[in-house]
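Q: Please take a close look at one part of this structure, the nonpolar core. I am new to the structure and would welcome a connected account that also covers the surrounding elements.

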Amino acid sequence: MPELSIHPARNSSGAFTSARPFRTPLSRTALGAVALIAVLAGCAGPTGSTAPAGTEPVSGGILDVSISAEPGCLDGHGISATQQQFLGRLIYDNVVTLDKDGEIAPYLAESWEISEDGKTYTFRLREGVTFSDGSPWNAEVFGQNLEHMRDPATKSPLAAAYIAPYVDGTIVDEYTFEAHLAYPYTPFLYALAQSWLGMNSGKAISESPETLCQNPIGTGPFTVEDYRPGQSISYAKREDYDWAPAWLDGEGAAHLDGVEVTLVAEPVIRHQSLVSGQYDLTENLAPQNAAAVQADPNFVYENLPRTGSPYVLGFNLARAPFDDLAVRQAFAAAVDTQAVTESLGFGTYTPIDGFLSKESKYYDPTVEGVLTYDPERADALLDEAGWTGRDADGFRTKDGARLTVEVPTVESSTPSPLLVQLQGEARKVGFDLRIIQVPQAQLTELRYAGDYDALAGVWHTNTTDVLFIRYHSSEITGERIGQNSSSVDDPALDALLATARESDDGPEAAEAYAKAQHRLLEIVPGVPLYENPSQFAYSRTVQGVAVDTSHPVPVLTYAWKAE
Amino acid sequence: MAVLRRVVTRLLIGVGVLWGAASLTFLAIHLVPGDTALLILGGPDARPTDEAIAQVRADYLLDQPFVVQYGSYLGNLLQGDLGQSYRLRIPVSEAIGQQIGATAALSAAAVALALPLTFAVAILSAQRAPWIREIVSGIEVVLAATPTFIIGFALLILFSFTLHWFPIGGNQGPAALVLPALTLALAVFGTLSQVLRNELEDVLEQPFILTARSRGLRDLAVRVRHALRHAVIPVLTMSGFVVAALLGGSVVVETLFSRQGIGSLTLASVYNKDLPVIIGIVLLAAAVYVVVNLVIDLLYTLIDPKVVTA
């Protein structure tokens, strides 16, 4: 999901260096100036006491959280919103989870077996788990959930695609469920660990599925008490909760009495209301505020990469000029990723030069250093490719036609700062990058019609199968909508990606994924730019905030507020 | 009886206005390019299945020609059914109902601040020394010309970020209402006060004012009792502007101050091409206009019995 957010100091090169001053074109100037004043004015934050870490958890209290957007529907099966990663963890449990090392671990399933052919999954479910409406968790409910995800009436934009290979299920006994897949699909368990695939009450699914958006019923540590769309969500703890995954290192009900989540759309306001103490935690702290919050001893700042596809400007290989490998290589060599990333993220973004997040399983570090900034090589490649002419504006031409790249993006008050930067970089070697601003609905249509030269975006998921989703030829939008917006159609890559998703986790998958990552460097389906960051911050009075490895978002099950 | 006939006639015209507003909005959104079904299913980054897309098209008649969609919408509307929100997946009436209280409170608070301020400033500054008028008029022009989000930001920086007198946003408690209401009030005040003072200054030139003064009335009494009644009609006429400023301003103010309300619902619905909600809000706005204008017409007669509008 695309979003302007941040990035992590975890990786090698991303330490926080100089935060550049605001670069605010046109209409953004006013906001920028005000924001700057706000930052200055906000330096006098509260001087509350800092609770020492490691003390005994305190029970009670409501945690006030600000979020940057609100999905409009709280049923994970029916939405694809980024915020669901965080919101889903409050009310839902999943069949399995990823532990601290990113390995599949028990959750609502105690154990599972995968058949030799990889097509049958037998889950042994945890007993004694109940939904907040009192109904039980069992094999029948697991089946109902899978059906609910793919029921067209759910209008699922994401969950249904994740379980696409699911054919049907058998209820072996009350707590044993057998899922039958059409073909071996190792990402199945990973998908089941994602927030969008949390388990809903079977009673609610069968009796009142239309109410799940506004009143979702899960087995999680909190329940939705009051949902005011576009404004806030009030959660209350479930007193009888007792089935948290082992990696959370806790047991029983949540420490907090509740969580109050409020939509605060403006980044400046999110920052200011955090430092003023109005909120304890913000789910999204804009990069321009990172330095101020980091410098403040009263706050914890987290900057973690989301696994999956990093931020990439993806080329459209199905049409000129990017149907020519040399032009793609030239564009990639023309962009000074380091400089672009540095200024865009105020030093908080981590540049990347491969097509898979470094935090993803099976990331192969040997891809690094291949796609590098080399403007001379870019010029040479374009000369060789025949783009030797220059028009009056200094852009390259071939047979009288200008070397033009059209990049549609969502209309907003300010043109995408990233695209403006790329425009400048590309111009140096003679590309005319045109930013086409259109409304969201039209962008969706352009995308599915393949009417663009390049698109910028990220795609977060907890499985390395993201490479299949993004670059396998079967994911090119045709009769079916897919996410291979680069129209990569490469038999060698297809074979590697198919092998990888069908292999069990292990050396075979690792080898196939490594080869696929290298193959992508040869195809150059885009310019990798920076890791897709999850940037959040919270007051030091909040303790016990855990971070999920499926999605690097705060998990509040055993968080507590120091007095 | 004449009054009743006027009310009925105006209400009938009002129904026509509502029909026109709904139809124009329907057409306008229909003409905006972009596949609504794909947008409902999450936009460019979603992976909807074919079945889900087909279901959405069938549910919302998106696979039907314009005439069928429009006819179906109008038919439902006549039965009082505004349809279901694409985004929130609840009835439009419920979606608007959830938000209307917050916006009504905000608007009422803004009017409660703006009107006394307008009357006080205009009455006290009309026909005063040039330097007073220039300062007051200058402030009014600045306020009238400044976009609402700048006024809001300035108030936030001063009273919330720096002085910490008021919360930075949200719907919790009366304190959270002060800055958003003041933002809207200031935007309305600038224009209204200019109009009222200009009118007052004209009226204060009239012979009957001289007569009143010659009877020994104090200056303030002359202004309030004699001049104001004459000057207030143009201000009433500006009520349409006030309603527009409050409704339009709520979009900006509610977003800036992270408030619930019709404004933020409007913004989210427009971004998501949530047609049923957009038309619902347009109908609500049109209905408010119709009623406000009707009330104003009646007030004209009350203030000056010579005025009789159709």
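A: The largest nonpolar core of this predicted model comprises 160 residues. Those with the most contacts inside this core are Val95(A), Leu125(A), Val259(A), Leu184(B), Ala185(B) and Val188(B). Helix α8 of chain B, residues 175–204, contributes the largest share of the core, namely 14 residues. A second core, separate from this one, has 59 residues, including Ala332(A), Ala426(A), Ala456(A) and Leu467(A).

Val95(A) may serve as a point of entry into the largest core. When its neighbours within four places in sequence are left aside, Val95(A) is in contact with Tyr107(A), Leu108(A), Ala109(A), Phe123(A), Phe142(A), Leu192(A) and Met199(A).

Helix α2 of chain A, residues 84–91, also merits attention. Eight of its eight residues are buried, so this helix is largely enclosed by the rest of the structure. A residue is classed as buried when 20 or more other C-beta atoms lie within 10 Å of its own. The buried residues of α2(A) are Gln84(A), Gln85(A), Phe86(A), Leu87(A), Gly88(A), Arg89(A), Leu90(A) and Ile91(A). Among the elements of chain A that cover them are β8 (222–228), β9 (232–237), β10 (258–263) and β22 (554–555).

Chain B, which supplies helix α8 to the largest core, is assigned two domains: domain 1 spans 2–78 and domain 2 spans 99–309. Taken over C-alpha atoms, the centres of these two domains of chain B are separated by 32 Å. Their contact takes 14 residues from domain 1 of chain B and 11 residues from domain 2 of chain B. On the side of domain 1 of chain B that touches domain 2 of chain B, α1 (2–31) and α2 (36–40) of chain B each supply at least two residues. Of the elements there, α1(B) gives the most, with 10 residues. By class, that side of domain 1 of chain B has nine nonpolar, four polar and one charged residues.

For residues 100–300 of chain B, an unreviewed UniProt entry records the feature "domain: ABC transmembrane type-1". This span of chain B is 84% helix and 0% strand, and its end C-alpha atoms lie 29 Å apart.

Finally, the predictor's own confidence values should accompany this account. Chain B has a mean pLDDT of 85, with 97% of its residues reaching 70 or more. For the complex, the predictor gives an ipTM of 0.77 and a pTM of 0.83.

Conventions. Residues are numbered from 1 along each chain as its sequence is written. Chains are lettered from A and ligands numbered from 1 in the order in which they are written. This is a predicted model: local features need pLDDT of at least 70, side-chain atom pairs count only at pLDDT 80 or more; totals for chains, interfaces and linings use all residues. A residue is buried if 20 or more other C-beta atoms lie within 10 Å of its own, exposed if 12 or fewer, and partly exposed in between; C-beta atoms are placed from the backbone. Helices (H or I, at least four residues) and strands (E, at least two) are DSSP runs, numbered from the N terminus. Two residues are in contact if their C-beta atoms, placed from the backbone, lie within 7 Å. Domain bounds come from an automatic or database domain assignment. Ala, Val, Leu, Ile, Met, Phe, Trp, Tyr, Cys and Pro count as nonpolar, Asp, Glu, Lys and Arg as charged, and the others, Gly among them, as polar. A nonpolar core is a set of buried Ala, Val, Leu, Ile, Met, Phe, Trp, Tyr and Cys residues joined through C-beta atoms within 7 Å. UniProt positions are given in the numbering used here, feature names are shortened, and annotations may be inferred rather than shown by experiment. pLDDT is the predictor's confidence in each residue, from 0 to 100.
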